[in-house]
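Student: I have not seen this structure before. Could we go through it by question and answer?

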Amino acid sequence: MIHPDTKLRSAGSIGLGVFATRDIPKGTIVWVLDSLDQQLDASRVASIGEPIAPMIQRYAYQNSTGNWILCWDHARFINHSCRANAISTGWDFDLAVEDIAAGTQITNDYGCLNINDPFECLCGAPGCRGVIRGSDFDTMAAYWDARVSETLEKTLSVSQPLWSLLPNPLEVQHTAATGGPPPSIRFHQVNNDHPTETAQRL
Ligand SMILES: C[S@@+](CC[C@H](N)C(=O)[O-])C[C@H]1O[C@@H](n2cnc3c(N)ncnc32)[C@H](O)[C@@H]1O
Ligand SMILES: [Zn+2]
């Protein structure tokens, strides 16, 4: 579920995007996988033809098992930025890694979504990678993990409207309170050594 202080509106040439309607401080969970999000196995997706198949390719992402996750709410409209203000964690939630002012677009990094087809990035951010590829997972994971680690402590001191949806709140709280390393985003890399994480939670 996407943070309640968000809305869908035009993001210009790339279509719609998700924007903050109020200030969302660094450390806020801005999206969490919830029980209404659909999980579709790869064989089912392979057998779905037009006109649904392109929608799945556009709006769903693959988890570590290769299954497709289709978010039921406007979370599925979050765009990519190479300077994303929300970063996916090794848990099934995205964290604001900077203060997000009201009116700002919430973005994440598609490099961790197991994308099959590289796409040309139009984010316009300084240092834009130009083309976003599935292999970005390998080059970017350590950076994403570090951003999450340095942000995690703040999760305990900001308002968290999505907290009740966490499947493992005590684990998150303990990790944040002790400064322990959060699980790596690599938990979500397709065909990793920990393939059941997401599947078990749904
Ligand atoms: C999950 S949708 C995001 C919502 C999309 N803007 C829309 O209105 O349908 C993913 C698609 O948005 C576009 N997109 C998102 N971020 C982009 C970016 N940084 N550069 C270019 N296209 C982007 C691409 O077409 C991508 O396939
Ligand atoms: Zn970019």
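The turns below deal with the ligand site and then with single residues.

Student: Is this model predicted or not, and which pocket does ligand 1 take up?

Tutor: The model is a predicted one. Ligand 1 takes up space that counts as a pocket, and by rank that pocket is the largest.

Student: Which elements give two or more residues to the shell around ligand 1?

Tutor: The shell around ligand 1 holds 16 residues. Elements that give two or more residues to that shell are α2, β7 (79-80) and β11.

Student: Of the residues around ligand 1, which come nearest?

Tutor: There are 16 residues around ligand 1 to choose from. By class they are ten nonpolar, three polar and three charged. Those that come nearest are Ile-14, Leu-16, Tyr-59, Asn-79 and His-80.

Student: How far from a nitrogen atom of ligand 1 is a backbone N or O atom of Ile-14, and how far is one of His-80?

Tutor: In both residues the atom is a backbone N or O atom, and its partner is a nitrogen atom of ligand 1. For Ile-14 the distance is 2.5 Å. For His-80 the distance is 2.8 Å.

Student: What part of the area that ligand 1 exposes when taken alone does the protein bury?

Tutor: Taken alone, ligand 1 exposes 560 Å². Of that area, the protein buries 86%.

Student: Does Arg-58 count as buried or exposed?

Tutor: Arg-58 is found in helix α2. A polar side-chain atom of Arg-58 lies 3.0 Å from an oxygen atom of ligand 1. The relative accessibility of Arg-58 is 55%, and the cut-off is over 50%, so Arg-58 counts as exposed.

Student: How far apart in space are Arg-58 and His-3?

Tutor: Along the sequence, Arg-58 and His-3 are 55 residues apart. In space, from C-alpha to C-alpha, they are apart by 21 Å.

Student: Does Asn-79 count as buried or exposed?

Tutor: Asn-79 has its place in strand β7. Its C-alpha is 5.9 Å from that of Gly-17, with the two positions 62 residues apart in sequence numbering. At 10% relative accessibility, Asn-79 falls under the 20% cut-off and therefore counts as buried.

Student: With the side chain of which residue does the side chain of Asn-63 make a polar contact?

Tutor: Asn-63 is in the loop between β5 (60-62) and β6 (68-70). Its relative accessible area is 2%, so Asn-63 is buried. The side chain of Asn-63 makes a polar contact, at 3.3 Å, with the side chain of Gln-39.

Student: What is phi of Asn-114 near?

Tutor: Asn-114 lies in the loop between β10 (105-108) and β11 (119-120). Asn-114 counts as buried because its relative accessibility is 7%. Its phi is positive, in a residue other than glycine, and is near 55°.

Student: Is the peptide bond from Glu-50 to Pro-51 cis or trans?

Tutor: Pro-51 is found in the loop between α1 (42-47) and α2 (52-59). Omega of the bond from Glu-50 to Pro-51 is near -5°, and the bond is cis.

Student: What distance separates the C-alpha atoms of Arg-147 and Ser-88?

Tutor: Arg-147 has its place in helix α3 (residues 136-152). Arg-147 counts as buried because its relative accessibility is 18%. Arg-147 and Ser-88 are 59 residues apart along the chain, and their C-alpha atoms are separated by 9.9 Å.

Definitions and conventions:
Residues are numbered from 1 along each chain as its sequence is written. Chains are lettered from A and ligands numbered from 1 in the order in which they are written. This is a predicted model: local features need pLDDT of at least 70, side-chain atom pairs count only at pLDDT 80 or more; totals for chains, interfaces and linings use all residues. Side-chain values use heavy atoms; hydrogens and water are left out. Helices (H or I, at least four residues) and strands (E, at least two) are DSSP runs, numbered from the N terminus. Buried means under 20% relative accessible area, exposed over 50%, partly exposed in between (1.4 Å probe, protein chains only). A residue is near a molecule or strand if one of its heavy atoms lies within 4 Å of it. A polar contact is a pair of N or O atoms within 3.5 Å; within protein, one must be able to donate a hydrogen and the other to accept it, and residues adjacent in sequence count only if both atoms are side-chain atoms. Accessible areas come from the Shrake-Rupley method with a 1.4 Å probe; for residues, only the protein chains shown count as cover. On a 1 Å grid over the protein atoms alone, a cavity is a set of points where a 1.4 Å probe fits but cannot get out, and a pocket is an open set with protein on both sides within 12 Å along at least five of seven lines; lining residues have an atom within 4 Å of a point. A molecule sits in a cavity or pocket if more than half of its atoms lie within 2 Å of its grid points. Ala, Val, Leu, Ile, Met, Phe, Trp, Tyr, Cys and Pro count as nonpolar, Asp, Glu, Lys and Arg as charged, and the others, Gly among them, as polar.
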